[in-house]
Amino acid sequence: MNAYLEILERLNLTAQAQGGDLEVFSPIDGQKIGAVTQDKPADIGKIAAQAEAAFKAWRQVPAPVRGEFVRLLGERLRVHKAALGALVTLECGKIASEGLGEVQEMIDICDFAVGLSRQLYGLTIASERPEHHMREMWHPLGPVAIVTAFNFPVAVWAWNAALALVCGDSLVWKPSEKTPLTALACQKLFDEAVEEFRRAGHDIPDHLSQLVIGGRDVGQALVENEIFPLVSATGSVPMGRAVGQVVAGRLGRSLLELGGNNAMIVAPSADLDMAVRAILFSAVGTCGQRCTSLRRLIVHEDVYDVLLPRLSSAYEQIRIGNPLEEGTLIGPLIDEGAYEEMQTALKQARAQGGDVVCGGARLEIEGLEGGHYVRPAIVAMPAQSEIVRHETFAPILYVLKYKDINEAIRMQNDVPQGLSSCVFTGLVKEAERFLSAAGSDCGIANVNIGPSGAEIGGAFGGEKETGGGRESGSDSWKAYMRRQTQTINFSDALPLAQGVKFDL
Ligand code: NAD
């Protein structure tokens, strides 16, 4: 059996991956790996009604019991980690260890959500009236629509799903049209966890999590539907702008996780060995296709001439190739369109005064001619021009010089996006200034760590055009619930707040 088929077979996907109208190609070599059946915009009404019915039953299940279901889901993921990780690699092209890491992230958020299911804490609030008390209660919100991008084809669903499920919500997921197979695999594992939960004697409604396969038109129909009080959408800024407006138009809530343009400041006191390693992982890892990929390197003029040659020589040594093979550090771009965008950006960078120090060209790999492999590029820029301020979803690292830390922080902030940022420095003063209210304006700010590879325990997301949403850890769960302020009078009188009198 061919190796690709075997990956599908391990997840029992071979039948579902055939005969449909949406063709799926592996970015590894452009080979067709499946054809799945798409939903139509007209199907959304029925799917939404099913999600609403599931929500009405699920919200009645005690939260710790909902947590037990998420524990079983996490167990399914543990069992199938290797197979699902390989499918992530096959379908979106990230290297094997990152494919496995993505599944590990799903497992981690399930574990986090299990604990959370006993900690959906509200507040008690002192009332100004005698023999009254006030409290804040968190209730399940409703069916949640989840729209995801190709580059984290399974983890982003899990971030949303694990939290929403313990919060008492049902789910409808529209994955990227480029990665429907990994989504089908997740749905299968979800269904297995449902069966196991039922065998253990628990009630769980049908349609608690549903999958909608298709492109933008199906996504649009989903986000327009008023049954979903929350739409969690991950993807590009133009997508978020469109979705945000539609959801705001019907006064729903949206949780937007959009593009980034992440920077690292390298100060003269930085440990350059550490900085080089961090730059490599965050700028070229996942072939520059992470929302947190390092795109701008802001280097102090005193270390610029030392750092740049070291970086170029490290770039020369990176192993680019088949992401399924051990030792490969960079796999392919997702498709031809991504390759074209990279080339256009490099052309624009040159026109805006940039000097391509290394990389940028296509790499032909024997046997994988249908894939789009590139050498990651480093481009020295005279200033933060138009193209530097734009997110190109490819491994291009723009390098800029600075003289003074305040100027570096200004440059770091002077882009429309606000996802992730970091500084490499040995000085507490510089680190703290970077982290202060007048420092980085991003949702994520790190010291002596690169901008990508966040842990699930923290809230994940960014400001400005990145959309303002927060997912994953900390108190992100609150987005999936509705807050109710309750006042209870246990006196025999009816005093009004603020001393207002209203007696007949
Ligand atoms: P994309 O915007 O092309 O597509 C994302 C999803 O949105 C897909 O499922 C797509 O079908 C859907 N979609 C597109 N237009 C829509 C519309 N009008 N209504 C409803 N759905 C619509 O993004 P992509 O190319 O898959 O992913 C790359 C982008 O995602 C990058 O910009 C990256 O930075 C961003 N991203 C952000 C995060 C984050 O957490 N901030 C994480 C991953 C990716």
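Aspartate 355 stands opposite alanine 380 in β15. This is one detail of a predicted model, and the report works outward from that pair of residues.

Aspartate 355 opens strand β12, which covers residues 355–358. Strand β12 pairs with strand β15, residues 377–380, in the antiparallel sense, and three bridges join the two. Another residue of β12, cysteine 358, has isoleucine 378 of β15 as its bridge partner.

Isoleucine 378 also has a bridge partner in β16, namely leucine 397. Strand β16 spans residues 396–402, and it runs parallel to β15, with four bridges between them. The two pairings of β15 are set out below.

| Strand pair | Sense | Bridges | Residue pair |
|---|---|---|---|
| β12 and β15 | antiparallel | three bridges | cysteine 358 and isoleucine 378 |
| β15 and β16 | parallel | four bridges | isoleucine 378 and leucine 397 |

These strands belong to an open sheet of seven strands with mixed pairing, in the order β12-β15-β16-β11-β10-β18-β19. Its edge strands are β12 and β19, the latter at residues 444–447, and each of them pairs on one side only. From one strand to the next, the twist averages 25°.

Helices pack against this sheet. Helix α10, residues 272–284, touches β10, β11, β16 and β18, and its direction makes about 160° with that of β11. Helix α11, residues 301–316, lies across β10, β11, β12, β15 and β16, and runs at about 140° to β11.

The model also holds a ligand. Which residues are closest to the ligand? They are Ala149, Gly219, Gly235, Glu257 and Cys291, out of 29 residues that surround the ligand. Two elements give two or more residues to this shell: α8, at 216–224, and α9, at 237–249. Helix α8 gives the most, with four residues. Sorted by class, the shell has 12 nonpolar, 12 polar and five charged residues.

Taken as a whole, the protein chain has 14 helices and 23 strands. Its radius of gyration is 24 Å, close to the 23 Å that the globule rule gives for 504 residues, so the chain is as compact as a globular protein of that length. Along the principal axes, the C-alpha atoms fill a box of roughly 80 × 60 × 35 Å. Of the 504 residues, 52% are buried. Among contacts in the chain with a separation of 6 or more, 72% are between residues 24 or more positions apart.

How values were computed. Residues are numbered from 1 along each chain as its sequence is written. This is a predicted model: local features need pLDDT of at least 70, side-chain atom pairs count only at pLDDT 80 or more; totals for chains, interfaces and linings use all residues. Two strands pair if DSSP finds at least two bridges between them. The radius of gyration is taken over C-alpha atoms; the globule rule is 2.2 Å times the number of residues to the power 0.38. A residue is buried if 20 or more other C-beta atoms lie within 10 Å of its own, exposed if 12 or fewer, and partly exposed in between; C-beta atoms are placed from the backbone. Two residues are in contact if their C-beta atoms, placed from the backbone, lie within 7 Å. A residue is near a molecule or strand if its C-beta atom, placed from the backbone, lies within 6 Å of it. Ala, Val, Leu, Ile, Met, Phe, Trp, Tyr, Cys and Pro count as nonpolar, Asp, Glu, Lys and Arg as charged, and the others, Gly among them, as polar. Axes are lines fitted to C-alpha atoms, for helices over the stretch in contact, and angles run from 0 to 180 degrees between N-to-C directions.
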